[in-house]
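These are my notebook entries from a first look through one structure. I wrote down what I looked up, in the order in which I came to it.

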Amino acid sequence: MQAALTAVQTALNALESLLQGAFTAMHASRAGTDHVRAHRPGRASKIEADPELRAFITERIAAMTFAEVVEAVRHQFPPDRQTSVSALHRWWHRIGKHLPGSHL
């Protein structure tokens with residue numbers, strides 16, 4: 001009877017060691033994936049890629065329509081840094097309305 005208990009205990013210790021090793025390996029492999037979770041496929045919108053443009057838009061979005069904001073951007077920024085009403089609308093629904101201090 002003692003031999004059977006010793007064999008069971010040895011098997012449980014081996015199983016515990018195996019599970020602990022698997023858990024440690026799984027946890028270590030997940031640690032490097034945080035950047036993947038934050039990654040969005042494709043390229044960033046002009047608004048997200050340009051901090052100055054984003055700040056300009058964020059300052060005006062509560063007091064102006066999307067069309068008025070785009071018109072103000074057109075007067076302030078060169079053509080390669082301008083955006084469209086549809087791009088502004090997509091950005092707003094995806095990111096802008098979730099920014100701190102946004103109350104729209």
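Entry 1. I began with Trp 91 and listed its contacts, leaving aside neighbours within four places in sequence: Ser 45, Ile 47, Glu 48, Arg 54, Ile 57, Thr 58, Gly 96 and Leu 99. I note here that the model is a predicted one.

Entry 2. I then asked which residues touch the most other members of the largest nonpolar core. Trp 91 is among them, together with Ile 57, Val 73 and Leu 88, in a core that holds 14 residues. The elements that give two or more residues to this core are α4, α5 and α6, the last of these covering 85–94, and the largest share, four residues, comes from α5. As general background, I recalled that in soluble globular proteins nonpolar side chains tend to be buried together.

Entry 3. I stepped back to the whole protein chain, which has six helices and zero strands, so that I could write its pattern along the sequence as α-α-α-α-α-α. Of its 104 residues, 18% count as buried. When I looked up contacts between residues at least 6 apart in sequence, I found that 47% of them join residues at least 24 apart.

Entry 4. Next I looked at how helix α4, residues 51–60, packs with helix α5, residues 66–76: the angle is about 140 degrees and the axes are 10 Å apart. Because of that angle, α4 is oblique to α5. The crossing of the two is right-handed. From α4 the contact is made by Leu 53, Phe 56, Ile 57 and Arg 60, and from α5 by Val 69, Ala 72, Val 73 and Gln 76. Sorted by class, the residues of this contact are six nonpolar, one polar and one charged.

Entry 5. Within that contact I followed Phe 56, whose place is in helix α4, and asked whether Phe 56 is buried or exposed. Phe 56 has a relative accessible area of 10% and is therefore buried, since buried means under 20%. Not counting residues up to four places away in sequence, Phe 56 touches Ala 72, Val 73, Gln 76 and Phe 77. For one of these, Val 73, I also looked up the spacing: the two residues are 17 apart along the chain, and their C-alpha atoms are separated by 7.8 Å.

Entry 6. I turned to α5 and α6, whose axes come within 9 Å and cross at roughly 115 degrees; this crossing, too, is right-handed. On the α5 side I listed Phe 66, Ala 67, Val 69 and Val 70, which meet Val 85, Leu 88, His 89 and Trp 92 in α6. The classes in this contact are seven nonpolar, one polar and no charged residues.

Entry 7. Last, I looked up a charged residue, Asp 50, and asked where it lies. Asp 50 sits in the loop between α3, residues 46–49, and α4. Its relative accessibility is 13%, and Asp 50 therefore counts as buried. I also noted its spacing to Arg 81: the two are 31 residues apart in sequence, while from C-alpha to C-alpha they are 7.9 Å apart in space.

Key: Residues are numbered from 1 along each chain as its sequence is written. This is a predicted model: local features need pLDDT of at least 70, side-chain atom pairs count only at pLDDT 80 or more; totals for chains, interfaces and linings use all residues. Side-chain values use heavy atoms; hydrogens and water are left out. Axes are lines fitted to C-alpha atoms, for helices over the stretch in contact, and angles run from 0 to 180 degrees between N-to-C directions. Angles under 35 degrees count as roughly parallel, over 145 as roughly antiparallel, 65 to 115 as roughly perpendicular and the rest as oblique. A crossing is left-handed if the near helix is turned anticlockwise from the far one by less than a right angle, and right-handed if clockwise. Contact means heavy atoms within 4.5 Å. A nonpolar core is a set of buried Ala, Val, Leu, Ile, Met, Phe, Trp, Tyr and Cys residues joined through side-chain atoms within 4.5 Å. Buried means under 20% relative accessible area, exposed over 50%, partly exposed in between (1.4 Å probe, protein chains only).
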